[in-house]
Amino acid sequence: QLHKQCPQWKFEAVDTGLDWGTVITKESVNGVNLVPKSVDDARKSTAAGAYDWNTNTWTIYDGSNWVAANSGYIAYYMDPRNFLNDTYIFMFENQSYDPSYQTESGVKTILADTFMSGSYTCPDTKKKYTYSQTFMDAAKKSGVSPYHLASRCRNEQGVNGAPQSLGTVKGYENYFNFFDIQAYATSTMTAAEMGCKYAKTTNPTYLLPWTNQYKSIVGGSIFLGTGYITKGQDTLYLQKFDMVDGGNGLYYHQYMTCVFGQANEAISLKNAYSQDILNSAMEFKIPVYNNMPDKLCPKPTSSGDNNNYLKSLSVSGTSISPKFDKFTASYTAKVNAEVSSVTVNANPLGKSAKVSGKGKVSLKTGENTVKVTCTAASGVKRT
């Protein structure tokens, strides 16, 4: 459909060689993919460590607002088939610099309604630059698309700017970090403070220390280029989900933790492009996985919770091994050969959850498998 709609666009399949189930398991590790704690409970993880069943609270992983994403929500954003339309396709756009269609006027469009729409004066050198020209200089020196660089800063800093892009972080005045590189919260420092602490270090390769806006944008772009683009992570999708081994392994080298950050940036990119740009030979790289589900991974939309765990599980006339634990999904039980049936008792932990597969079970001689499924209020199932 996209080929028909935009015949000038080029599409390349990126064969990751990775198993879909393995990928989702790796990306579902607590803290790797986050969502704001204000989202529907169906989109938040209730895995061990991510949620406290006793206090009904989620573990905070960044700042004061971010919690672990539910694996189903992660699968939705990782399934490329969900984003093959003329807007979200831009999360797959090749982010390398191409001067044939990436222009300063296009950068101005991206920055038009932000604090970066005009010019600035460097606090140390007193030189004056426009932000649009700065991003073009950054593209030429880093090999990264200026459109990607501008929309990445827009997404990181917001339309009004954050302290680390305004040079106003307390204790780090006039230090800048437009790309929020190394900006993560610790027990003693905010993400902005950590980002400016990095901006204060010395590394000529990245123009550090970043004592003005120009050095931060150009140096940060070089960091992004050498750290991601040249390692094969040359799309928004691959920077969010590390599915290519550019010499640093898999699943780890990921630019952001927000599970839908790449989708937001795709919208910014699309809105920035003129019709002439959209009519050019743009290139998109779509990842392909082994053993993907036949149907598209759905987006969790219910406001109900994801509590699909059992409160108790037992089998009449015998004990189960190991001892029941809500996070354990597989058990064994033994009865004498003459026993023709048993009763499986199972109760849900969530008030609105439902259990199927329990009750009287007829037995044949030998091994019998009984599947008990708990369905949460949100519809997610656990067997």
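**Exercise 1. Classify Glu 193 by its relative accessibility and describe its surroundings.**

Solution. Glu 193 has 24% relative accessibility and therefore counts as partly exposed. The classes are buried (under 20% relative accessible area), exposed (over 50%) and partly exposed in between, with a 1.4 Å probe and protein chains only. The model is predicted: local features need pLDDT of at least 70, side-chain atom pairs count only at pLDDT 80 or more, and totals for chains, interfaces and linings use all residues. Residues are numbered from 1 along each chain as its sequence is written, and side-chain values use heavy atoms, with hydrogens and water left out.

Next, place the residue. Glu 193 belongs to helix H8 (residues 191-199); helices (H or I, at least four residues) and strands (E, at least two) are DSSP runs, numbered from the N terminus. Neighbours within four places in sequence aside, Glu 193 is in contact (heavy atoms within 4.5 Å) with Val 169, Tyr 172 and Thr 188. The C-alpha atom of Glu 193 is separated by 9.3 Å from that of Pro 163, 30 residues apart along the chain.

Last, turn to the rest of H8. Ala 192, Met 194, Gly 195, Cys 196, Tyr 198 and Ala 199 are buried there. The buried residues of H8 pack against H7 and H9.

**Exercise 2. Check the length of helix H11 and state how it is covered.**

Solution. The expected span is 1.5 Å times one less than the number of residues. For the 12 residues of H11 (residues 261-272) this should give 16 Å, and the end C-alpha atoms are 17 Å apart, which agrees.

For coverage, 9 of the 12 residues of H11 are buried, so the helix is mostly covered. Those buried are Gly 261, Gln 262, Ala 263, Glu 265, Ala 266, Ser 268, Leu 269, Lys 270 and Ala 272. Their packing partners are helix H3 (71-78), helix H4 (104-111), helix H6 (146-157), helix H10 (236-240) and helix H12 (275-278).

**Exercise 3. Describe the packing of H6 with H11: angle, handedness and residues.**

Solution. The angle is about 120° and the axes of H6 and H11 are 9 Å apart. Axes are lines fitted to C-alpha atoms, for helices over the stretch in contact, and angles run from 0 to 180 degrees between N-to-C directions. H6 and H11 are therefore oblique to each other; angles under 35 degrees count as roughly parallel, over 145 as roughly antiparallel, 65 to 115 as roughly perpendicular and the rest as oblique.

H6 passes H11 in a right-handed crossing. A crossing is right-handed if the near helix is turned clockwise from the far one by less than a right angle, and left-handed if anticlockwise.

H6 contributes Tyr 147, His 148, Ser 151, Arg 152, Arg 154 and Asn 155 to the contact, and H11 contributes Gly 261, Asn 264, Glu 265, Ser 268 and Leu 269. By class, the contact of H6 with H11 has 2 nonpolar, 6 polar and 3 charged residues. Here Ala, Val, Leu, Ile, Met, Phe, Trp, Tyr, Cys and Pro count as nonpolar, Asp, Glu, Lys and Arg as charged, and the others, Gly among them, as polar.

**Exercise 4. Apply the same steps to H5 with H6 and to H2 with H3.**

Solution. The axes of helix H5 (residues 131-142) and H6 come within 8 Å and cross at roughly 125°. H5 and H6 are therefore oblique, and their crossing is right-handed. Phe 135, Met 136, Ala 138, Ala 139 and Ser 142 of H5 meet Pro 146, Leu 149, Ala 150 and Cys 153 of H6. The contact of H5 with H6 holds 8 nonpolar, 1 polar and no charged residues.

Helix H2 (residues 20-27) packs on H3 at an angle of about 120°, with the axes 10 Å apart. That makes H2 oblique to H3. The crossing of H2 with H3 is right-handed. In this pair, Trp 20, Val 23, Ile 24 and Glu 27 of H2 meet Ser 71, Ile 74, Ala 75 and Met 78 of H3. The contact residues of H2 with H3 divide into 6 nonpolar, 1 polar and 1 charged.

**Exercise 5. Locate the cis peptide bonds and the positive phi values listed below.**

Solution. Take the peptide bonds, then phi.

- Leu 208 and Pro 209 are joined by a cis peptide bond with omega about 5°; Pro 209 is in the loop between H8 and helix H9 (213-227).
- Ser 321 to Pro 322 is a cis peptide bond with omega near 0°; Pro 322 is in the loop between strand S9 (310-315) and strand S10 (341-348).
- Lys 126, a residue other than glycine, has a positive phi near 65°; Lys 126 sits in the loop between strand S6 (119-121) and strand S7 (128-130) and, at 60% relative accessibility, counts as exposed.
- Asn 174, not a glycine, has a positive phi of about 65°; Asn 174 sits in the loop between helix H7 (163-166) and H8 and, at 40% relative accessibility, counts as partly exposed.
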